[in-house]
Protein chains: 2
Amino acid sequence: MHTKNIHAHLDEIKDCFQTAVSVDCVIFGFDNTALKVLLIESDLKEYKGSWSLLGNIMRPDEDLDEAAYRVLRERTGLEDVYMEQIQTFGALKRHPAGRVITVAYYSLVNIEHVALKKHNNELHWHTVKDIQHMAFDHKQILDTCYERLKRQLIEQPIGFNLLPGKFTIRDLQNLYEAILDVKLDRRNFRKKFLSLNVLEDLNEAQEAVSHRPAKLYKFNFEKHELQKKRFLGIGF
Amino acid sequence: MHTKNIHAHLDEIKDCFQTAVSVDCVIFGFDNTALKVLLIESDLKEYKGSWSLLGNIMRPDEDLDEAAYRVLRERTGLEDVYMEQIQTFGALKRHPAGRVITVAYYSLVNIEHVALKKHNNELHWHTVKDIQHMAFDHKQILDTCYERLKRQLIEQPIGFNLLPGKFTIRDLQNLYEAILDVKLDRRNFRKKFLSLNVLEDLNEAQEAVSHRPAKLYKFNFEKHELQKKRFLGIGF
DNA sequence: TCAAAAGTGTTTGTAATACACCCATGA
DNA sequence: TCATGGGTGTATTACAAACACTTTTGA
C-alpha cells in the first residue's frame with residue numbers, strides 16, 4: 001500500500017475547494033403565545049421581499065460552531081444561549097451564487113433579551129406557524145429545525161430557555177401547548193414537572209392579576225438528574 | 001434597504017471558497033455477535049497505521065447526500081441501504097491537509113452483502129467496541145454515530161437493516177443486546193415485537209440446529225404503522 | 001359576591017417488568 | 001434420553017390519562 005503525504009493529498013483535492021460553507025441560525029423565541037423565529041429580509045435581488053434565516057459564510061479560520069455563535073452574537077448580542085447543530089443542507093442549486101452548503105443550527109433565546117438594534121431594522125420576529133415561504137431552502141431548514149425542537153422538547157427539559165428567568169407553571173404549559181400544538185391536562189402537567197425536580201420555588205407570586213396569583217419558579221439545572229429514568233424498554 | 005445582486009454577493013464571499021467539504025460514512029454491520037464498522041487504512045503519512053472512516057471530498061457538482069451514497073457505492077457496491085446524516089464536524093485543525101469540514105453519515109448494511117473486492121483489501125470490518133484510536137477525529141465521529149444509532153434503535157424499528165432477509169426473533173434480540181449493551185428478557189422481547197406487527201412469519205424454520213428450530217421472519221415495512229402510538233406525554 | 005385562574009388527589013387504563021414451565025430437535 | 005434453545009402466559013408494578021372541587025385574588 002502506498003502512502004501519500006499531505007501535499008500530494010492537497011493537490012489531489014484542490015479542485016474541490018470551490019465550495020463555500022455557511023451556517024444558518026434558526027433563532028427561536030416565545031412571546032407567551034406563539035413560537036417565533038428571528039428572520040431578516042433577504043439582501044439578494046433574487047429573493048427580494050423574501051425572508052431568510054440569519055446566516056453567514058464560515059470563515060476559513062474559525063470553528064464551524066464558532067461561526068454559528070458569531071452569527072448569533074452579531075445579530076442578537078446574546079452569548080451563552082442554548083444552541084444545537086441540526087442538519088447540513090447541500091443540494092446542488094440551493095444557493096444562486098454558487099455552491100454553498102449550509103449547516104443549520106437552532107437556538108432558543110429569551111425573546112425579551114433580544115434588543116433589536118437600529119442597524120438591525122431588517123430583523124423581525126415571525127410567528128413560525130404563519131410562515132409560508134422563505135428565501136433559498138430556508139423554509140425547509142426551518143421546518144426541519146422546528147420538528148427537531150418539538151422532539152427535543154418532549155425528551156429533554158429545554159423549554160426554559162425560551163422563558164424569562166421567573167415563570168409560572170402555566171407559562172411553561174402554554175409553551176408546550178403552543179410549540180407542540182396539543183392540549184395538555186393542567187393537573188397532570190403540573191404533577192409531572194413538579195415531580196421532575198427541576199423547578200425551584202422562588203416563594204414569589206404573580207402581581208396585579210385579577211385572580212389568584214400563581215407561584216413563580218426558576219429552572220434549576222443542578223437538580224435535574226439527567227436521564228435518570230432512561231427507558232430500558234423499546235419505545236416504538 | 002439596499003439589495004445586492006448575485007455577483008456582488010459572490011465577490012464578497014469569494015475569499016471563503018477555501019474550504020473543502022467531505023463526507024464520511026460510518027458503515028455499520030452486524031455479524032450475529034457484535035456491531036462492526038467498515039474501516040480503511042489511512043493513506044495519509046501522518047496517520048500511517050491508523051484506521052479511518054470511508055470518506056471522500058464532495059464534488060462541486062453533486063448533492064451532498066449523493067456524495068455519501070457514492071462513497072458507499074464505491075466501497076461496498078451497495079445501493080438503497082439505510083443511511084442517515086448525523087452531524088457535521090468542523091473543528092479548525094481536524095484535517096492536516098487544510099480546512100476540511102466533514103459531514104458524517106451512518107448506514108446500516110447486511111454484512112453478508114458486502115463483498116470486499118480485491119482492490120479494497122485495505123478495508124476491514126472492525127468490532128466497534130474494540131476500537132480505541134482512529135485517524136483524524138474519526139473516533140469522535142464514530143462515537144457520535146454509535147450513540148445516535150443506539151437511540152434510533154430504541155425509537156424506530158431499523159435493526160432489520162443489519163440482518164439477513166430471513167431472521168429469527170432471537171437474532172433480532174441478539175442484535176439489540178449487542179448494540180445497546182443490555183440484557184433483555186426473551187419473553188418480553190418476543191411479545192413486544194410480535195405485537196408491533198412488523199414481523200411477517202415466513203412459515204419456515206431454521207435447519208440443522210441441534211435443538212428445536214426457530215421460526216424465520218422477515219420485516220414487513222407495510223405493516224408498520226409508523227409512530228402510531230406517539231407519546232402525548234412528556235418523556236423525561 | 002362574582003369571575004377567573006390557581007392549586008390539589010384519586011381512579012382507571014395501559015404497558016413494561018418479572019418470572020417458570022413445556023416443546024421440538026439432533027446428538 | 002439428554003442437552004439445547006424455542007415457544008408460551010400470568011401476576012405485578014409503574015406511569016400516563018381522565019377527571020371535579022376548593023382557594024385566592026381583583027374587580
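Let me start with one residue, Val23 of chain A. Leaving aside residues up to four places away in sequence, Val23(A) touches Leu54(A), Gly55(A), Asn56(A), Leu64(A), Ala67(A), Ala68(A), Val71(A), Thr102(A), Val103(A) and Tyr105(A). Keep in mind throughout that this is a predicted model.

Val23(A) belongs to the largest nonpolar core, which has 44 residues. Which residues have the most contacts inside that core? They are Val21(A), Val23(A), Val21(B) and Val23(B). Both chains supply elements to this core. From chain A, strand 1 (20-30), strand 2 (35-41), helix 2 (64-76) and strand 6 (100-108) each give at least two residues. From chain B, the list is strand 1 (20-30), strand 2 (35-41), helix 2 (64-76) and strand 6 (100-108), again with at least two residues each. There is also a second, separate core, of 43 residues. Phe30(A), Ala104(A), Phe193(A) and Leu199(A) are included in that one.

Now to the DNA, beginning with strand C. There are 22 residues around DNA strand C, and those that come nearest are Arg186(A), Arg187(A), Arg190(A), Lys215(A) and Arg187(B). By class, the surface near strand C has 12 charged, 5 polar and 5 nonpolar residues. If we take the atoms of strand C within 4 Å of the protein, 49% are sugar or phosphate, and the rest belong to bases.

Three polar contacts to base nitrogens of strand C are worth listing. An N or O atom in the side chain of Arg186(A) is 2.5 Å from a base nitrogen. For Asn188(B), a polar side-chain atom lies 3.0 Å from a base nitrogen. With Arg212(B), a polar backbone atom is involved, at 3.2 Å from a base nitrogen. Helix 5 (186-196) of chain A and helix 5 (186-196) of chain B are the elements that give two or more residues to this surface.

Next, strand D. Here 23 residues surround the DNA strand, and Arg212(A), Arg186(B), Arg187(B), Arg190(B) and His211(B) come nearest. Sugar and phosphate make up 44% of the strand D atoms that come within 4 Å of the protein. The surface near strand D divides into 12 charged, 6 polar and 5 nonpolar residues. Helix 5 of chain A and helix 5 of chain B each supply at least two of its residues.

What do the side chains of Lys191(A) and Lys191(B) contact on strand D? The side chain of Lys191(A) has an N or O atom 3.4 Å from a base nitrogen, while that of Lys191(B) has one 2.9 Å from a base oxygen. Arg170(B) contacts the backbone of strand D, with a side-chain N or O atom 3.2 Å from a phosphate oxygen.

Notes: Residues are numbered from 1 along each chain as its sequence is written. Chains are lettered from A and ligands numbered from 1 in the order in which they are written. This is a predicted model: local features need pLDDT of at least 70, side-chain atom pairs count only at pLDDT 80 or more; totals for chains, interfaces and linings use all residues. Side-chain values use heavy atoms; hydrogens and water are left out. A nonpolar core is a set of buried Ala, Val, Leu, Ile, Met, Phe, Trp, Tyr and Cys residues joined through side-chain atoms within 4.5 Å. Buried means under 20% relative accessible area, exposed over 50%, partly exposed in between (1.4 Å probe, protein chains only). Helices (H or I, at least four residues) and strands (E, at least two) are DSSP runs, numbered from the N terminus. Contact means heavy atoms within 4.5 Å. A residue is near a molecule or strand if one of its heavy atoms lies within 4 Å of it. A polar contact is a pair of N or O atoms within 3.5 Å; within protein, one must be able to donate a hydrogen and the other to accept it, and residues adjacent in sequence count only if both atoms are side-chain atoms. Ala, Val, Leu, Ile, Met, Phe, Trp, Tyr, Cys and Pro count as nonpolar, Asp, Glu, Lys and Arg as charged, and the others, Gly among them, as polar.
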